[in-house]
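Trainee: I would like to go through this model one question at a time.
Mentor: Go ahead; here it is.

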Amino acid sequence: MKLLWVGDVYGAKGLESLQRFLPSLKRDHQYQLLVVNGENVADGLGIRLRDYKTIMSLGAHMITLGNHGFSKRDVLEFIDTGNLVRPLNYPPGTPGQGLRIINYNGMRMAVLSVMGRVFMHDPLDNPFTALDVALSELEVDRIIVEVHAEATSEKLAIAHYLDGRVDAVVGTHTHVQTNDAMQLPKGTLYMTDLGMTGVKYGILGADRDKVMHKFLTGMPTRLQASEETQLQLNAALLDFSAQTIQPIHISD
Ligand SMILES: [Fe+2]
Ligand SMILES: [Fe+2]
């Protein structure tokens, strides 16, 4: 069974990238399951109902979030009922779920997300212990975990902590794909960051001139989604039968 796991989809151009590249990826790799990080789909910050519907209409089984998951308040209207996973280690009482199940052909796959705490500004609970609690109660066929974090060390530490206990751990959030897809010693498939899906020549999905202006002047600058027409899609292809993970990068 194959799963395509797509990194942070940024803005309308990110949706356009999905529409442009998913059909050929589906044809070439014959994946059955699709998981998409959608924390940046609403102009870089959050997700609206229409974005959610567009991603689901493209075949997604689950949409994961991250530190920008709640940036558009619309999400509160559908986060509890939709196929959405926000980081598990938000404090008790936070809307949404950090763990959801995909049912596919009689197989139950748990999708979990945690957010890192190194160089991140959200006051979240410890991701390691949050995962311990969640995994202790879980009886499913497969378990996959997304680590939404800045520090590569924290992502690796969580991955090795989970090695042999879950089927896969992949990272998101940095928007730059890493070249380290591998099987960990106890069998878990791993990759530090899936990368970003959106414009090819922006800066992490945003308009490059706005980002450069911010660095050059030190002035607060409202970032905006880039309107570049050349696109890219970054993802990982996981094959649970062959126990392999391979990076996917496709662009204009
Ligand atoms: Fe992101
Ligand atoms: Fe993020």
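**Metal sites and a helix pair**

Mentor: Asp8 is buried, its relative accessible area being 0%. Keep in mind that this is a predicted model.

Trainee: Which residues coordinate the iron ion (ligand 1)?
Mentor: The donor distances run from 2.0 to 2.2 Å. Along the sequence the donor residues are spaced D-x30-E-N-x134-H. The residues that fit are Asp8 (OD), Glu39 (OE), Asn40 (OD1) and His175 (NE2).

Trainee: Is the site of the iron ion (ligand 1) tetrahedral or irregular?
Mentor: Four donors count as tetrahedral if all angles lie between 85 and 135 degrees. Here the angles among the four donor atoms are 86 to 166°. The site of the iron ion (ligand 1) is therefore irregular.

Trainee: How many residues apart in sequence are the parts that Asp8 and His175 tie together?
Mentor: Asp8 sits in the loop between β1 (2-6) and α1 (11-29). His175 belongs to the loop between β8 (168-172) and β9 (182-183). The pair therefore ties together parts whose separation in sequence is 167 residues.

Trainee: Is His175 buried or exposed?
Mentor: Buried means under 20% relative accessible area. The relative accessibility of His175 is 11%, so His175 counts as buried.

Trainee: Which residue coordinates both the iron ion (ligand 1) and the iron ion (ligand 2)?
Mentor: The iron ion (ligand 2) has the donors Glu39 (OE), Asn67 (OD1), His148 (NE2) and His173 (ND1), at 2.1 to 2.2 Å. The two iron ions, ligand 1 and ligand 2, are 3.4 Å apart. The residue that coordinates both is Glu39.

Trainee: How many residues apart are Asn67 and His173?
Mentor: The donors of the iron ion (ligand 2) follow the spacing E-x27-N-x80-H-x24-H. Asn67 is in the loop between β3 (62-64) and β4 (84-85), and His173 is in the loop between β8 and β9. This pair links distant parts of the chain, and the separation is 106 residues.

Trainee: Are α1 and α2 roughly parallel or roughly antiparallel?
Mentor: The axes of α1 and helix α2 (residues 49-57) come within 10 Å and cross at roughly 15°. Angles under 35 degrees count as roughly parallel. Therefore α1 and α2 are roughly parallel.

Trainee: Which residues in α2 do Leu15, Leu18 and Gln19 meet?
Mentor: Leu15, Leu18 and Gln19 are in α1, which passes α2 in a left-handed crossing. The residues they meet in α2 are Asp51, Thr54 and Ile55.

How values were computed. Residues numbered from 1 in each chain as written. Chains lettered and ligands numbered in written order. Predicted model: local features only at pLDDT ≥ 70, side-chain atom pairs only at ≥ 80, totals over all residues. Heavy atoms only, no water. Donors = N, O, S within 2.8 Å, 3.2 Å for Na, K, Ca; no water. Tetrahedral: all angles 85-135°; square planar, octahedral: opposite > 155°, others 65-115°. Helix = DSSP H or I, 4+ residues; strand = E, 2+ residues; numbered from the N terminus. Buried < 20%, exposed > 50% of the residue type's maximum accessible area, 1.4 Å probe, protein only. Axes fitted to C-alpha atoms, helices over the stretch in contact; angles between N-to-C directions. Parallel < 35°, antiparallel > 145°, perpendicular 65-115°, else oblique. Left-handed = near helix turned anticlockwise from the far one by under 90°. Contact = heavy atoms within 4.5 Å.
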